[in-house]
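Hi,

Here is the structure I promised to pass on. Have a look at it first, and then read my notes below.

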Amino acid sequence: MAELRYWVWLSTRKGIGARAMGDLLRYYGSPEEIYFVRKGNYPRELNINTASLEDKTLSNVSEILGKCSDRGYSILTLGDAAYPARLKNIYDPPVVLYVDGKLPLIDEEIAVNIVGTRDCTPYGIKISEQMGYEITKMGGLVISGLARGIDSAAARGALRGNGKVVGVLGCGIDIVYPPSNERLFWDVKNFGALVSEYPPGEQPDRGHFPARNRIMSGLSLGVVVAEAPERSGALITASLALEQGRDVFAVPGNVDASSCRGSNLLLKEGAQPVTCGRDIMELYAARYPDRFVEARKLNKLDERGAQILADRELSELPAKDRASKRKTPKKAIDKEKTEDYIDISVRPEGLSPDEEKILDFMSGRTMHVDDIIEGSGIGAPKVLSALTMLEIAGAVKQEPGKRFAALFK
């Protein structure tokens with residue numbers, strides 16, 4: 001713990017970037033040695049702002065460590081064996097990583113980062129969900145920034161495939177940003193991990209997000225740009241991926257759509273075109289035979305689940321933008337409108353124990369989420385995750401006011 005506080009102290013020095021911190025560590029050998037350098041003795045040749053290094057106050061560090069201990073967060077440092085070597089070997093790795101959840105063994109994973117615009121089209125949502133789903137179904141791991149739009153869609157698709165997601169944040173791991181993604185954050189940390197180089201309590205900042213992009217690509221074997229305009233953070237991530245020696249993929253998009261101009265430009269510049277998760281996973285099959293799962297007939301997202309996920313993405317948009325993003329229903333010719341038939345005597349197969357328990361407790365009733373949490377005795381995070389999966393499976397239906405109707409007894 002004594003050494004850890006010096007790692008945290010170094011990582012919180014304002015005005016000193018990750019590259020400069022790396023230079024300091026190579027020069028002195030450890031953060032403890034950096035801490036105990038006397039005022040005025042830092043070498044000028046490193047060209048580093050020494051003002052924050054000469055602030056030896058540790059009260060903020062003690063507060064950060066206390067929060068992490070109380071909330072069960074893990075802290076990985078560059079000196080830890082568990083720190084992903086894949087990330088450690090980039091030019092400017094973060095000095096520390098704060099982790100909420102269980103971080104997979106990244107170096108053994110077929111980890112793929114799916115990025116794109118926040119202001120995406122229904123096409124972008126659909127292809128990102130499908131790609132996240134297929135990647136995890138075939139044994140991969142999805143890395144996501146959990147931003148609104150493409151990032152969130154890819155993460156939801158991966159969770160729909162019962163896969164793991166690592167969410168890389170531009171704020172503290174205790175901050176849900178955007179706030180509309182609260183349920184998604186719960187799901188990700190329960191089936192994977194949330195990670196950040198920023199300490200708990202650190203609020204989102206415009207400068208944090210370009211910086212976190214290097215972590216997303218650094219954890220990954222390749223980056224997929226699903227849909228991006230000409231000026232997009234996704235293109236920054238693709239550029240960082242190239243600098244780090246990662247593969248860069250792009251999904252072909254409508255040549256008339258401004259939201260696809262950036263991703264189409266990447267294809268013209270040499271990015272590998274992909275149209276599904278299989279295209280990516282088969283490239284890594286020989287390198288990771290123990291992870292790759294051959295699936296001759298991958299089930300695409302069922303229409304019910306896809307519509308639920310798409311509706312959630314649309315709900316994150318301002319009301320004025322929703323109409324333009326919503327798909328226009330196809331016209332039925334010579335076909336009468338019929339209601340969906342649900343046989344309440346047969347439940348969906350493959351439900352988890354928590355999902356079964358929640359359905360048993362609800363027993364065909366409509367209940368507020370707080371009553372479900374209290375009555376089931378499972379706990380808020382697991383209940384929220386289970387309700388997500390039950391809703392996609394068609395076993396429950398969300399209603400206004402955080403109420404859920406069980407469609408099976």
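How many disulfides does the count come to? Zero, going by a rule that asks for two cysteine sulfur atoms within 2.5 Å. Keep in mind that this is a predicted model. As for the cysteines themselves, Cys171 is buried, at 2% relative accessible area. Cys260 is buried too, with a relative accessible area of 2%.

Now the sheet. It is an open one, built from nine strands with mixed pairing. Reading across, the order goes E1-E2-E6-E5-E4-E3-E7-E8-E9. The edges belong to strand E1 (74-77) and strand E9 (272-273). Each of these has a single partner strand, so one side of each has no neighbour in the sheet.

Further in, E7 and E8 run alongside each other in the parallel sense, and four bridges link them. If you want a place to start looking, find Gly222, which sits opposite Asp247 in E8.

Then there is helix H11, covering residues 261-268. Which of the H11 residues are buried? They are Gly262, Ser263, Asn264 and Leu266. And what covers them? The cover includes strand E7 (222-227) and strand E8 (247-250), along with helix H10 (233-243). So you meet E7 and E8 twice: as a parallel pair in the sheet, and as part of what lies over the buried residues of H11.

One last detail on the backbone: after H11 comes Gly270, and its phi is positive, near 115°.

Shout if anything looks odd when you open it.

Cheers

Note on methods: Residues numbered from 1 in each chain as written. Predicted model: local features only at pLDDT ≥ 70, side-chain atom pairs only at ≥ 80, totals over all residues. Heavy atoms only, no water. Buried < 20%, exposed > 50% of the residue type's maximum accessible area, 1.4 Å probe, protein only. Helix = DSSP H or I, 4+ residues; strand = E, 2+ residues; numbered from the N terminus. Contact = heavy atoms within 4.5 Å. Pairing = 2+ DSSP bridges.
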